[in-house]
Amino acid sequence: MTHTAPVQPPDRPIEMSGRERILDDARFAAMARGESIACETHAALAGEDTVLEIDRFNLHYGTVRALYDISMNIPRGRITALIGPSGCGKSTLLRSVNRLNDLIDSVRITGDMRLSGDSIYAPDVDVIELRKRMGMVFQKSNPFPMSIYENVVYPLRVDGVRNRGTLDEVCERSLRGAALWEEVRDRLQESALSLSGGQQQRLCIARAIAAEPEVLLMDEPCSALDPIATSKIEELMLGLRGEYTVLIVTHNMQQASRASDFCAFMYLGRLVEYGPTPDMFTNPHLRETEDYITGRFG
Amino acid sequence: MPTPPASFTGRRRTRRTRFSVKVADALARTCITIGGFGTIIAVTTVCVFLVAVVVPLFLPPTSEPPIVSGIVRSGPAEPGAPPPPDASGAVRRDAPGGQRPVHIAADEYTLLAWTLSADGRIDVIRIDTGEVIDAHTVAPEAALTAWSLPQRGDLCTFGYADGTVRLARIDFALTFMEIEEAPEPLRDLDVLGTMAWERGLAQRTREGQIRILRLAVDLLDPIDSGTTRPIIRLDHTGTAERPVMAWQDADDVLRYGQLRSRRNLMTGRTTLTASTHTIPFRPRATPPAFIRLTGLGDNIYIIWADGVLHRYDVRDPAAATVAEEVDLVPEPGWMLSAVGFLIGKTTLVTGDDHGGATTWFRTRVEGAPTTDGLVLRRASRLDGAGAGPVRSISSSQRKRILAIGHEDGRVRLHNVTNERFLGEVDTVDAEPVHSAVLGPRDNAVVALAGDRIYHWEMHIPHPEASPRAIFGKVWYEGYEAPAHVWQSTGGTDDFESKYGLVPLIFGTIKGTFYSLLFGVPLALLAAVYTSEFLHRRVRAIVKPSVEMMASLPSVVLGFLAGLIVAPYIETVVPTALAALVTIPLSFLLLAYAWQMLPSRARIRFDGVRILFIFGGIPLGIRLASFLGPVAEAMLFEVRVIDPESGAVTAVLRDFRLWLNAGGGNPAYESSPIGGWLMLFLPLSALLVGLASVRLVNPFLMLRSERWSRRRLALADAGKFISGAALTLGLALLLSAAASLIHDPRGLYIDTYVQRNALIVGFIMGFAIIPIIYTIADDAMGAVPEHLRSASLGAGATRWQTAVRIVLPTAMSGLFSAVMVGFGRAVGETMIVLMATGNTPVMEWNIFSGFRTLSANIAVELPEAVKDSTNYRMLFLAALVLFVMTFVINTIAEFVRQRYRRRAYQL
Ligand SMILES: Nc1ncnc2c1ncn2[C@@H]1O[C@H](COP(=O)(O)OP(=O)(O)OP(=O)(O)O)[C@@H](O)[C@H]1O
Ligand SMILES: [Mg+2]
């Protein structure tokens, strides 16, 4: 297996903040050698009820390794944010959770994930059933070339739901949840492609929550949204908290700190540090985490 | 010192576009423009060329102003100075005591004409001057009382006052001589110059020879006609060796004679023996006006001036009877003034005193009250347009053109079959036209009116062509009813070319329909499979292989179809038909069987799943070879009935016999249910399938939430089996109901022909599958991957994703794929040429052949003479094909755009 990830220690001298940090040169050296590293998982996570358990998960795109021995437990009913520099494998990890990486021929995986104890990667898993337990919002909005209404109720259509009343209700509630209802209530039968980029993304969110998933996977859902819509989405996530589990990838540190309960920092395909959001932002154990969060590298 | 602006890459970009780039851009733009316009111009040129070849079909005939000449009674003895011209510009001198001529005929070059006068005199006349250069008589002994002159050929018959009948052969004879051998005065002739020479006319040809045209009159010895009374009506038909005649004497006794001519080789004399029958004549108050004998000598028409016709059936002369009586005049009180025949002497033409003409021929009519089952029926009416009473009727010697001479001096030309009026010519001083004929090459009209001979050069290019005849139903001679017929060439001289394009258009549509019926579902499903389900790596092999199929020359496919597949399928028809059902069924069965495997095994053997399911092909064939004959025995039973006693003499179980046994054939008895079943089985399968998707599946989905996979599979299998049973039941029910209303034989199934639409559909399906498949696969491949991810991420199966997302998104591309396949099928030539019998029939029968426009062009163009009607008709066929594909493509593009727009706007 070749390893091509160019790893360079930051060339600027790292300014030490006032607090004591764990020395991390050993980690950098291991990463440079292409080895996996142990994640710095905060003790506070131990008390949580796990909904999704990622167990020494590795993923290769052909010969390129994209995920290194990821092990983490996603707590039930909480919002977990995945942060990390571009290309570190956040999307890959998210797509692995509902096995969308199966579509890519070159992908090989080892390790396993478990959703409420049910293995995700066991050979006899019904992938379709599995995916029905998760909703996904993609980094790039991807509405279907159909009407707005049909887009939202698509998961129900797939399940064979025909009752008009149910469909209408789900449509309205999902659109309200995604902060889109007011804008599209009069044009539900128009093509979804006639919406603006941000509206399309909110439509995709509406579609994802219409499926009533156990876990909602969101890959930078707000990157194309204005601050008002963003805050609405955050409201929505906070509203879902408790009943639904949300796993969200974000580049927006404020968003991560505002709207997540737990936060995981990924770097070069490794999970580096994982802990409760307030701790991660105010008292990270590792220096890289602090550097990244404070914008000093990445 | 100004500092240079910062640079990222260390170089500074030149902001001026380089000259070479500009030139390349301009060049590219010009080339593309030229290419675009060139394409448009090329297509337009082809179109214009086609139209230019086709248009002359519909142009009216043209005629030159007439050459008028009086008849110069000079005789052969005194070839002298031309007489002075008269006021009309014609030279004339009245006949000294002779009788006016009653009939005229011209030679091939319309240089000479001969006329018959009522006294039996035959004059040979130069058409250009009217000079009589030779004379004969056909009444050397007794006075001439009746005559019958040939429509074509040289055989004439004459009847005399003493009751005798003579045959004569009268025709122009040509002799050629080289100019050096010619006598002195002829050597000085200009090219095409003429001069009277030794009772004939000499002309110098373009090739530098002298040809001398003379009339040869060979009057045979009198024959005893069985009477001594004057013969007053007479007609003949048949060849010079075996003429057939019918005549009536002054007592109206009707006789029918079959003659045999023998030539004595020693003396050179021809002797005639006649077997004469007296036909029991059914008289009316007045004597009849005309007697006519049909071309085969099987009917005698006795016609009265008031329009009554008695048709005598003389196939057996000893037992001849009146087969029927027909009223020939369009309205009571009108009188017939002339009768004649079209070429072939089958179509009777009657002219009336109101200037119109009507044509009649015998057709077979179910349950006709006549002895021979035929009825003389009115075929067409040629309007006189106010011209005077008809005086003469004569037919072209090659085509169905009539020259009708009128009392008021007009000669009107009609093409009979399509009732097209071709034009008229008018004599100068409105004298009645005694006789008007078309020149043997249809390039002149020669008419005898008053004492003058009129000669018009005519150009009648394509009399058969008229939009009505090409696109409408036409009643051809001998047909039971008007019909669309394409039959451009035939075996006999008096064959009529039938240029109906509709059977060819129909054939094109039929071939296209059946091949699309087979090819489109297969190609689209294959494309869905490879683009949505197949592993990329396998797809990378499959797709190019299918595309290779497209490069298979269609002549090879046609060859396979015509020489291997068709003869083979013919021997296993029931099995082949059963295979159409059992192969898909076996696929389904095996797919269910796969679901029933324990999941461990299923995962372990996932690699061979495809192979396992493809086992459906051999399994289906095996099933078909067993089920086909069983179904044949059960459904296609034919009881053979003895026509006399009505008893069943045999019970046969044979599909092809069953196909022939339909349509009121009294010798067989069979139930039509099996035929309907073939139609309703797929239909009800579709219905049941739809119902199960719409009604049963949602129900099952609610119930089966917690079921094990095994249980689900069992439930599915149960659904499948009950669905199959339901399908069969529904199909049987529908078939039984349909059987009460109609027999399917004659609708979409009928007599089996070896090379048929089924074979063509199958093989041409193969020709269009690759092209449809490739475009469809590309169209689905172009559907963005993120839409698939979104759909799968929402919990849809691959099939749901394919049907709900990929297919609608790729719809415009799929539609193009089908349309391109459609275009290919419409224009496909070699396969249909080789795999159908190319019979231009019009029936939807899947077991019969057809002829397409393109195959027709390929078949006939090599034989067609340039600029002939056939040639131009083939170009018209090409134009129709062009227009068809143009219209299809335009509609396709329109629909495609709509689909595309709908995806964005809804
Ligand atoms: N389909 C693919 N085939 C091959 N390599 C891939 C594929 N998708 C992603 N990668 C690689 O895997 C690594 C992780 O990609 P990923 O999309 O998960 O990054 P990310 O963390 O989501 O980045 P971003 O924040 O920019 O979205 C990258 O190096 C990328 O080049
Ligand atoms: Mg990403």
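This report describes the domains of chain A, the contact between chains A and B, the surroundings of ligand 1 and a hairpin in chain B. The model is predicted.

**Domains of chain A**

Two domains make up the division of chain A: domain 1 covers 40-133 + 215-298, and domain 2 covers 145-212. Taken over C-alpha atoms, the centres of domain 1 and domain 2 of chain A are separated by 26 Å. Where the two domains of chain A meet, ten residues of domain 1 are in contact with eleven residues of domain 2. On the domain 1 side, helix 8 of chain A (residues 227-240) provides the largest share, namely four residues. By class, this side of domain 1 of chain A holds seven nonpolar and three charged residues, with no polar ones.

**Contact between chains A and B**

Between the two chains, 28 residues of chain A are in contact with 26 residues of chain B. On the chain B side, at least two residues each are supplied by helix 5 (536-550), helix 8 (599-604), helix 12 (673-703), helix 15 (785-793), helix 16 (798-809) and helix 20 (869-905) of chain B. Among these elements, helix 15 of chain B gives the most, with seven residues. The side of chain B that touches chain A comprises twelve nonpolar, eleven polar and three charged residues.

**Surroundings of ligand 1**

Ligand 1 is surrounded by residues of chain A: A:Y61, A:V64, A:A66, A:S86, A:G87, A:C88, A:G89, A:K90, A:S91, A:T92, A:I104 and A:Q139. Two elements of chain A, strand 3 (64-75) and helix 2 (90-97), give two or more residues to this shell. Helix 2 of chain A gives the most, with three residues. The shell around ligand 1 divides into six polar residues, five nonpolar residues and one charged residue.

**Residue classes by site**

The table sets out the class composition for each site.

| Site | Nonpolar | Polar | Charged |
|---|---|---|---|
| Side of domain 1 of chain A that touches domain 2 of chain A | seven residues | no residues | three residues |
| Side of chain B that touches chain A | twelve residues | eleven residues | three residues |
| Shell around ligand 1 | five residues | six residues | one residue |

**A hairpin in chain B**

Strand 10 (residues 194-197) and strand 11 (residues 200-204) of chain B pair in the antiparallel sense over four bridges. Within this pairing, B:W197 stands opposite B:G200 of strand 11 of chain B. The two strands of chain B form a hairpin with two residues between them, and B:E198 in the turn has a positive phi of about 50°.

Conventions
Residues numbered from 1 in each chain as written. Chains lettered and ligands numbered in written order. Predicted model: local features only at pLDDT ≥ 70, side-chain atom pairs only at ≥ 80, totals over all residues. Domains from an automatic or database assignment. Contact = placed C-beta atoms within 7 Å. Nonpolar A, V, L, I, M, F, W, Y, C, P; charged D, E, K, R; others polar. Near = placed C-beta within 6 Å. Pairing = 2+ DSSP bridges.
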